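Good morning, and thank you for coming. I shall present one structure today, beginning with a single residue and working outward to the whole chain. Please keep the sequence and the picture in view as I speak.

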Amino acid sequence: MTEVILIPVEEWGGDAVHFLYDLLAQRRPEVNISHKAMPSFSQHEAFCASKPYAGWWLVVPRPLFDGAGRAVFQVPVGACYITKMGEIGIQISRAHQRKGYARTALNTLIEMHKGRRLLANIAPGNEASRKLFEGFGFKHIQNTFELEQHGNAEKNA
Ligand SMILES: CC(C)(COP(=O)(O)OP(=O)(O)OC[C@H]1O[C@@H](n2cnc3c(N)ncnc32)[C@H](O)[C@@H]1OP(=O)(O)O)[C@@H](O)C(=O)NCCC(=O)NCCS
């Protein structure tokens, strides 16, 4: 398995917010059911500061070691979270997809939450995500329908 570590967003420092904003900008509406409009950077900062998830991590390839044996952290390749309800979300930046990062991150999340009910909300057209979660034994249990009304986009941003 591709080696990654999950580093809590709050431990990474200031540029985590910028990295997460760039990641958000890569999301396509057809694969994303929770986020419709791109927020402004200040809205995004406020969202990050609100501690929106029970756990939120950057997905970072395992550190390399320099000549003196010091760990040199690499740049994050994605992010993942779990809500209080046990809903998991994972996103890997486009440049790093299909290298096994999401599989390893999901495996780590499952190990961290053994015995819990774990869920994934997946948009109908998101085949990559469906295959990823089904590969770990997640079963399709419901379809959720939404009535789009004026104001929904702002609430979900
Ligand atoms: C879904 C996503 C997280 C997968 O990340 P990834 O690091 O590329 O996935 P991995 O390389 O670990 O692939 C693991 C498995 O997922 C499935 N998968 C990943 N990308 C796929 C694609 N484009 N098409 C079909 N299956 C895919 C495959 O089953 C794959 O196993 P395989 O390589 O042996 O076929 C990534 O495509 C992504 O960030 N998408 C946008 C955000 C998103 O939709 N997140 C999910 C919401 S919960």
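Let us begin with Ala54. With 13 C-beta neighbours inside 10 Å, Ala54 counts as partly exposed, because the partly exposed class lies between the limit of 12 or fewer for exposed residues and that of 20 or more for buried ones. I should say at once that this is a predicted model.

Where does Ala54 lie? Ala54 is found in the loop that runs between helix H3, residues 41-49, and strand E2, residues 55-61. Which residues is Ala54 in contact with, leaving aside its neighbours within four places in sequence? They are Ile82, Thr83 and Lys84. For Thr83 we can add a distance: its C-alpha atom and that of Ala54 are separated by 4.9 Å, although the two residues are 29 apart along the chain.

The loop between H3 and E2 also holds Lys51. Lys51 is exposed, because 10 other C-beta atoms lie within 10 Å. Its phi is near 50 degrees, a positive value in a residue other than glycine. Arg98 offers another such case, for it is not a glycine and has a positive phi of about 65 degrees. Arg98 lies in the loop between E6 and H4, and Arg98 is exposed, with 9 other C-beta atoms within 10 Å.

I turn now to the sheet. As a general reminder, strands of a sheet pair through backbone hydrogen bonds, and the pairing is either parallel or antiparallel. In what order do the strands of this sheet stand? Four strands form an open sheet, ordered E1-E2-E5-E6, with antiparallel pairing. The edge strands are E1, residues 4-8, and E6, each of which pairs on one side only. From one strand to the next, the twist averages 25 degrees.

Let us follow the pairings of E2. E1 and E2 run antiparallel and are joined by five bridges. In this pairing, Val4 has Pro61 of E2 as its bridge partner, and Leu6 has Val59 of E2. E2 is likewise joined to E5 by five bridges, and these two strands also run antiparallel. Here Gly55 has its bridge partner in E5, namely Ile82. You will recall Ile82 as one of the contacts of Ala54.

Is E2 largely enclosed or largely open? Five of the seven residues of E2 are buried, so the strand is largely enclosed by the rest of the structure.

Helices lie across this sheet. Helix H2, residues 15-25, lies across E2, E5 and E6, and runs at about 95 degrees to E5, which comprises residues 78-82. Helix H4 lies across E1, E2, E5 and E6, and its direction is at about 155 degrees to E6.

H4 brings us to the ligand. Which elements each supply at least two residues of the shell around it? They are strand E6, residues 88-92, helix H4, residues 101-112, and helix H5, residues 127-134. The largest share, five residues, comes from H5. There are 21 residues around the ligand, and those that come nearest are Gln97, Ala102, Arg103, Ala128 and Leu132. By character, the shell divides into nine nonpolar, seven polar and five charged residues.

Finally, let us consider the protein chain as a whole. How many helices and strands does it have? There are six of each: six helices and six strands. Along the sequence they follow the pattern β-α-α-α-β-β-β-β-β-α-α-α.

As to overall dimensions, the C-alpha atoms fill a box of roughly 60 × 40 × 30 Å, taken along the principal axes. The radius of gyration is 16 Å, which agrees with the value near 15 Å that a compact globule of 157 residues would have. Buried residues make up 17% of the 157 residues.

One last figure concerns contacts between residues at least 6 apart in sequence: 63% of them join residues at least 24 apart. The pair with which we began, Ala54 and Thr83, are in contact and stand 29 residues apart along the chain. Thank you for your attention.

Note on methods
Residues are numbered from 1 along each chain as its sequence is written. This is a predicted model: local features need pLDDT of at least 70, side-chain atom pairs count only at pLDDT 80 or more; totals for chains, interfaces and linings use all residues. A residue is near a molecule or strand if its C-beta atom, placed from the backbone, lies within 6 Å of it. Ala, Val, Leu, Ile, Met, Phe, Trp, Tyr, Cys and Pro count as nonpolar, Asp, Glu, Lys and Arg as charged, and the others, Gly among them, as polar. Two residues are in contact if their C-beta atoms, placed from the backbone, lie within 7 Å. Two strands pair if DSSP finds at least two bridges between them. Axes are lines fitted to C-alpha atoms, for helices over the stretch in contact, and angles run from 0 to 180 degrees between N-to-C directions. The radius of gyration is taken over C-alpha atoms; the globule rule is 2.2 Å times the number of residues to the power 0.38.
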